[in-house]
Amino acid sequence: MTVGARSLVVGEALVDIVKESSGETREHVGGSPLNVAVGLARLGHHVELATSIGTDHHGRLIEEHLGHDFVGLTPGSRNAERTATATATVDESGSATYEFDLAWDLAEVPTGFDHLHTGSIGALMQPGATQVREALLRGRAESTISYDPNVRPTLMGEPQDVRSDLEQIVGLSDVVKASDEDISWLHGDETSTAEILRLWGRLGPALVVATRGADGALVHVTATGETVEVPGVRAEVADTVGAGDSFMSGLIAGLLDQGLLGGVDARERLRMAAKDQLLQAVDLAIRSSAITVSRQGAQPPRRDELG
């Protein structure tokens with residue numbers, strides 16, 4: 001199944017070097033935006049990636065990985081002196097912490113897509129973040145937009161250093177997804193997750209979602225002001241690498257499937273959508289994420305695995 005809307009994901013691609021609690025070390029192609037692009041492709045959507053990689057060994061690994069799922073690289077994406085890496089240390093519970101070796105610059109982002117997605121490091125780390133922001137500003141005239149902050153404190157500094165830029169991107173977006181850990185880091189524990197979702201909704205997006213790991217998600221519908229708790233599903237956890245990215249790709253795919261993303265007309269349909277339509281997309285996202293955590297590394301599901 002391939003759906004007609006053309007999506008562009010803008011952001012970093014890198015190689016994850018995963019250090020297990022057992023002492024085993026593995027390499028996986030990763031980067032939050034790349035994972036979202038692959039997840040969308042596996043769910044049957046046409047998608048390309050605008051990024052910055054080198055022509056070195058790790059860059060070739062990334063290109064091969066994208067090629068397996070027919071994710072195209074935009075012109076100018078092979079512009080880095082070396083390809084970025086992230087070392088993920090996995091503890092006994094399966095949770096991962098990251099250290100990055102990343103320089104982020106970006107060629108001009110092409111236009112002509114129906115949906116744009118960005119997130120994580122690439123949306124906030126200079127000098128590439130300026131090109132990302134310009135792409136979003138241009139893209140709103142022809143595309144719907146989604147955003148996943150997916151914060152990386154070791155690269156982003158202090159919360160007060162990024163909140164203003166982050167909220168500008170929230171304001172340009174139609175759909176925003178963040179983890180409860182992202183929100184806690186950005187705003188501390190004095191303001192509830194639900195209140196932050198309502199605040200972000202007032203900035204512009206029609207749908208704002210907070211993931212809560214095994215506990216599912218908190219979903220805010222801006223048009224009605226409703227905030228709904230959606231339970232998670234049981235999963236045997238191998239590790240959590242890529243789980244949030246799989247949720248994001250599942251959410252975008254679920255909305256694209258229903259014509260609620262993909263072009264400026266879809267923006268209005270999204271704002272008028274019934275809650276049940278939106279929760280159907282959230283359900284796809286939760287099931288996608290549950291499959292991913294049952295596997296080692298960022299391996300989002302294909303459409304036929306979701307039933």
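This is a guided tour of a predicted model, moving from its pockets and cavities to a central strand pairing, the nonpolar cores and three backbone details.

**The largest pocket**

Begin by selecting Ser179, Glu181, Thr240, Ala243 and Gly244, which are the residues nearest the centre of the largest pocket. With these five displayed, extend the selection to the whole lining, which amounts to 47 residues around a volume of about 1300 Å³. If you colour that lining by residue class, it separates into 18 nonpolar, 17 polar and twelve charged residues.

**The second largest pocket**

Next, select Ser52, then the run Asn79, Ala80, Glu81, Arg82, Thr83 and Ala84, and finally Asp101, Leu102, Ala103, Trp104 and Asp105; together these residues line the second largest pocket. The volume here is about 170 Å³, and the lining is made up of five nonpolar, three polar and four charged residues.

**Two cavities**

How many cavities of 30 Å³ or more does a search of the whole structure find? There are two, and each can be shown through its lining.

For the largest cavity, select Val109, Pro110, Thr111, Gly112, Phe113 and Leu116, and add Ala135, Arg138, Gly139, Glu142 and Ser143 to complete the lining. The space inside comes to about 50 Å³, and the element with the largest share of the lining is helix H4 (residues 128-139), which supplies three residues. By class, this lining holds five nonpolar, four polar and two charged residues.

For the second largest cavity, with a volume of about 30 Å³, select Ala50 and Thr51, then Thr74, Pro75, Gly76 and Ser77, and then Leu106, Ala107, Glu108, Val109 and Pro110. Its lining divides into six nonpolar residues, four polar residues and one charged residue. Keep Val109 and Pro110 on display for a moment, since they belong to the lining of the second largest cavity and also to that of the largest cavity.

**Strand S11 and its partners**

Now move to strand S11 (residues 207-211), where five of the five residues are buried. Turning the strand about its axis lets you inspect both faces, with Leu207, Val209 and Thr211 on one side and Val208 and Ala210 on the other, all of them buried.

Add strand S10 (residues 175-179), which runs parallel to S11 and is joined to S11 by five bridges; within this pairing, Ala178 stands opposite Ala210. Then add strand S12 (residues 217-221), which is antiparallel to S11 and is likewise joined to S11 by five bridges, with Leu218 as the bridge partner of Ala210. Centring the view on Ala210 therefore shows a residue paired with Ala178 in one strand and Leu218 in another, given that strands are taken to pair when at least two bridges are found between them.

Follow the chain from S11 into S12 and you pass through a hairpin with five residues between the strands, in whose turn Gly213 has a positive phi of about 60°.

**The nonpolar cores**

Which residues have the most contacts inside the largest nonpolar core? They are Leu251 and Leu255, in a core of 47 residues. Select Leu255 and display what it touches, leaving aside residues up to four places away in sequence: Val175, Leu207, Leu260, Leu261, Leu270, Leu278 and Ala281. Leu207 in this list is one of the buried residues of S11 already visited. A second, separate core has 33 residues, among them Val10, Leu116, Val151 and Leu197, and Leu116 is also found in the lining of the largest cavity. In soluble globular proteins, nonpolar side chains tend to be buried together.

**Three backbone details**

Select Gln126 and Pro127, which are joined by a cis peptide bond with omega of about 5°; Pro127 is in the loop between helix H3 (120-124) and H4.

Go next to Phe70, in the loop between helix H2 (57-68) and strand S5 (72-73), where phi is near 60°, a positive value in a residue other than glycine. Is Phe70 buried or exposed? Phe70 is exposed, because its relative accessible area is 74% and the cut-off for exposed is over 50%.

End at Asn150, in the loop between strand S9 (144-148) and helix H5 (153-156), another non-glycine residue with a positive phi, here near 35°. Asn150 counts as buried, because its relative accessibility is 11% and buried means under 20%.

Conventions. Residues numbered from 1 in each chain as written. Predicted model: local features only at pLDDT ≥ 70, side-chain atom pairs only at ≥ 80, totals over all residues. Heavy atoms only, no water. 1 Å grid on protein atoms, 1.4 Å probe; cavity = no way out; pocket = protein on both sides within 12 Å on 5 of 7 lines; lining within 4 Å. Points joined across faces, edges and corners; volume = space filled by probe spheres on them. Nonpolar A, V, L, I, M, F, W, Y, C, P; charged D, E, K, R; others polar. Helix = DSSP H or I, 4+ residues; strand = E, 2+ residues; numbered from the N terminus. Buried < 20%, exposed > 50% of the residue type's maximum accessible area, 1.4 Å probe, protein only. Core = buried A, V, L, I, M, F, W, Y, C linked by side-chain atoms within 4.5 Å. Contact = heavy atoms within 4.5 Å.
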